[in-house]
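Ready for some practice in reading a protein fold? Work through each exercise with the structure open beside you, and try it yourself before you read the solution.

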Amino acid sequence: MYCINCWHDNTRVIDSRTSEDWKAIRRRRECENCHNRFTTFEKIETTDLIVEKSWNRKQRYDRDKLEDSILKAINKRNISISTINDLIRKLEFKWWTINEITSKEIWKDVLEALHSLDEVAYIRYASVHLNFENANDFINFINNKKFN
Ligand SMILES: [Zn+2]
């Protein structure tokens with residue numbers, strides 16, 4: 001990272017934190033040459049994340065697809081789009097440091113996040129991803145709250 005004051009190419013990170021909206025990492029930097037201090041924002045790039053599906057099929061992580069599946073689960077629930085965007089961003093932060101993830105790990109993380117958000121959305125999401133076939137599957141799931 002170049003210093004914006006003297007163009008020296010060594011700057012030191014003195015503080016890092018996520019921005020309040022979880023959209024970026026805010027870094028405070030100091031130039032080793034002129035000691036000028038400035039702030040940079042790093043945005044998360046999740047397009048590099050590879051998702052391993054069943055039968056070893058691999059795909060690029062698709063945020064829109066994930067958002068769609070969650071929106072279906074929260075249909076007619078009193079949950080705002082921005083709440084869902086926050087939820088996805090937080091998960092993306094978690095997945096950010098890894099290069100590969102299985103689709104199962106993704107929906108397990110989503111389930112966990114939905115569980116603390118809305119019970120109905122949680123059960124709906126589980127019913128799709130665990131392939132519930134009848135009322136018994138719902139009852140068993142609600143009684144056990146286990147996902148394998
Ligand atoms: Zn400088």
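The model is predicted. Its domain assignment gives domain 1 (11-43) and domain 2 (50-144), and the C-alpha centres of domain 1 and domain 2 lie 32 Å apart.

**Exercise 1. In what order do the strands β1, β2 and β3 lie in their open sheet, and which strands stand at the edges?**

Step 1. Begin with β1 and strand β2 (residues 24-31): seven bridges join them, and they run antiparallel. You can check this pairing on single residues. Thr-18 has Ile-25 in β2 as its bridge partner, and Asp-15 stands opposite Arg-28 in β2.

Step 2. Now move on to β2 and β3. They also pair in the antiparallel sense, over seven bridges. Here Arg-26 has its bridge partner, Phe-41, in β3. The two strands form a hairpin with five residues between them, and His-35 in the turn has a positive phi of about 60°.

Step 3. Put the pairs together. The order is β1-β2-β3, in an open sheet with antiparallel pairing. β1 (11-18) and β3 (37-43) each have a single partner strand, so they stand at the edges and one side of each is left without a neighbour in the sheet. From one strand to the next, the twist averages 25°.

**Exercise 2. What is the strand order of the open sheet with mixed pairing, and which helix packs on that sheet?**

Step 1. Read off the order: this open sheet of three strands runs β5-β4-β6, and its pairing is mixed. Because β5 (58-60) and β6 (100-102) each have a single partner strand, they are the edges, and one side of each lacks a neighbour in the sheet. On average, neighbouring strands of this sheet are turned by 30° against each other, direction ignored.

Step 2. Look for a parallel pair. Strand β4 (residues 50-52) and β6 run parallel and are joined by three bridges. In this pair, Glu-52 stands opposite Thr-102 in β6.

Step 3. Find the helix. Helix α3 (residues 103-115) packs on the sheet, where it touches β4 and β6. The direction of α3 makes about 75° with that of β6.

**Exercise 3. At what angle do α3 and α4 pack, and which residues meet?**

Step 1. Two packed helices are described by the angle between their axes and the distance between the axes. For α3 and α4 the angle is about 160° and the axes are 8 Å apart.

Step 2. Classify the angle. Over 145 degrees counts as roughly antiparallel, so α3 and α4 are roughly antiparallel to each other. Their crossing is left-handed.

Step 3. List the partners. Trp-107, Val-110, Leu-111, Leu-114 and His-115 in α3 meet Ala-121, Tyr-122, Tyr-125, Ala-126 and His-129 in α4. By class, this contact has eight nonpolar, two polar and no charged residues.

**Exercise 4. How do helix α4 (residues 119-129) and helix α5 (residues 135-144) cross?**

Step 1. Take the geometry: the axes of α4 and α5 come within 11 Å and cross at roughly 125°. That angle makes α4 oblique to α5. The crossing in which α4 passes α5 is right-handed.

Step 2. Name the residues. Ile-123, Ala-126 and Ser-127 of α4 make the contact with Phe-138, Phe-141 and Ile-142 of α5. Sorted by class, the contact of α4 with α5 has five nonpolar, one polar and no charged residues.

Note on methods: Residues numbered from 1 in each chain as written. Predicted model: local features only at pLDDT ≥ 70, side-chain atom pairs only at ≥ 80, totals over all residues. Pairing = 2+ DSSP bridges. Helix = DSSP H or I, 4+ residues; strand = E, 2+ residues; numbered from the N terminus. Axes fitted to C-alpha atoms, helices over the stretch in contact; angles between N-to-C directions. Domains from an automatic or database assignment. Parallel < 35°, antiparallel > 145°, perpendicular 65-115°, else oblique. Left-handed = near helix turned anticlockwise from the far one by under 90°. Contact = placed C-beta atoms within 7 Å. Nonpolar A, V, L, I, M, F, W, Y, C, P; charged D, E, K, R; others polar.
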